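Me: I have a chain to go through and would like short questions with reasoned replies. Here it is.

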Amino acid sequence: MAVQRINILGVPVDVCQQGELEAKILELMEKDGPSQIIFLSIWDLIRARGKSEFAECLKNADLILPVSKSILSGARFLKKTVPVRYNPFDATISILGLLENRYKSFYMLGGRKKALVEAEKNVKKTFKTLRVVGRYVGYYKAPAEEGIIEAIRKSSPSLVLLCEGVKNKEMWPYINRQKFNTSIFMYYRDAIGIFGRRIKRVNPKTFQNGHEIWIEVIKNPLKMFLIFPFAWYIISLIWNRIFKKDD
């Protein structure tokens, strides 16, 4: 059964049940050409409204997994199929486990040097048959990018995990898509920091309750101003519901 794709305010979101994730990942492994998985937050959804390169990136993504409760609430309010919310950390672990079981390969791009070295060590210790075929730190200088792309292209890893310090973030695979023959690309900002034990993962209970935004606000009080785009999101949902605007 194919994963259902819905639109919320014109932005694509996939309805991928937990039991469908494995089959979808296996499908992407067999696909000709590069693939992309995107963890979609409510802020990403707001940013993707209208015509932009990021909006095109989402439309071309192979799997869009919502990570914010507000996206589910929006789908429910618009009387659409409610998607499954994914914790990026848990989903990443599940995907790595799936790759390990099939003796696949893995490339890490991003993070600080110490965190990246420690992350590689911990990944190898946890996923013993998963081959790490390369790694490169984030915050690299522009001239290094072509070498990184060439290394990924030659090693053809099953998964390329992009993390903090990668310019353009989830847009990076989309911008460079013509340069790759294969591989699944996935951006998860904190993955290397968590694997390298430099960043604490969000408490599962905090995530389940949808309170992870308050951790971000504590780290950066200016994020309180996100209340304004969020208010726009609520107004847009109401407008869409009243006038039944076709996505």
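Reply: Two strands pair if DSSP finds at least two bridges between them. The model is predicted.

Me: Which residue of strand 8 stands opposite I37?

Reply: Strand 3 covers residues 35-40, and three bridges join it to strand 8, residues 184-187. These two strands run parallel. Within this pairing, the residue of strand 8 opposite I37 is M186.

Me: Which residue of strand 4 stands opposite F39?

Reply: Strand 3 also pairs with strand 4, residues 63-66, in the parallel sense. Four bridges make up that pairing. Opposite F39, strand 4 places L65.

Me: How many of the six residues of strand 3 are buried?

Reply: In a regular strand the side chains alternate between the two faces of the sheet. For strand 3, S35, I37 and F39 lie on one side and are buried. Q36, I38 and L40 lie on the other side and are buried as well. Both faces are covered, and the count of buried residues is six of six.

Me: What is the handedness of the β-α-β unit made by strand 5, helix 6 and strand 6?

Reply: Strand 5 spans residues 105-109 and strand 6 spans residues 131-136; five bridges join them, and they run parallel. One facing pair across these strands is M108 and R135. Helix 6, residues 113-126, completes the unit with the two strands. Its handedness is right-handed.

Me: How many disulfides does the count come to?

Reply: A disulfide is a covalent bond between the sulfur atoms of two cysteines. The cut-off for the sulfur pair is 2.5 Å. By this rule the number of disulfides is zero.

Me: How far is the nearest cysteine sulfur from that of C16?

Reply: C16 is in no disulfide. It counts as buried because its relative accessibility is 0%. The nearest cysteine sulfur belongs to C57, at a distance of 18 Å.

Me: Why is the sulfur of C163 without a bond to that of C57?

Reply: C163 is buried, because its relative accessibility is 0%. The closest cysteine sulfur to that of C163 is in C57. The two sulfurs are too far apart for a bond because the distance is 16 Å.

Me: What is the phi of Y103, and is this residue buried or exposed?

Reply: Y103 sits in the loop between helix 5 (88-101) and strand 5. Y103 is not a glycine, yet its phi is positive, at about 55°. At 57% relative accessibility, Y103 counts as exposed.

Me: What is the phi of R197, and is this residue buried or exposed?

Reply: R197 is in the loop between helix 9 (191-195) and helix 10 (204-208). Although R197 is not a glycine, its phi is positive, at about 60°. With 64% relative accessibility, R197 counts as exposed.

Me: Which residues does W232 touch, not counting residues up to four places away in sequence?

Reply: W232 belongs to helix 12, residues 227-243. It counts as partly exposed because its relative accessibility is 35%. Contact here requires heavy atoms within 4.5 Å. Leaving out residues up to four places away in sequence, W232 touches I46 and R49.

Me: What is the C-alpha to C-alpha distance between W232 and V15?

Reply: In sequence, W232 and V15 are 217 residues apart. In space, their C-alpha to C-alpha distance is 24 Å.

Technical notes: Residues numbered from 1 in each chain as written. Predicted model: local features only at pLDDT ≥ 70, side-chain atom pairs only at ≥ 80, totals over all residues. Heavy atoms only, no water. Right-handed = clockwise from strand over helix to strand, strands pointing away. Buried < 20%, exposed > 50% of the residue type's maximum accessible area, 1.4 Å probe, protein only.
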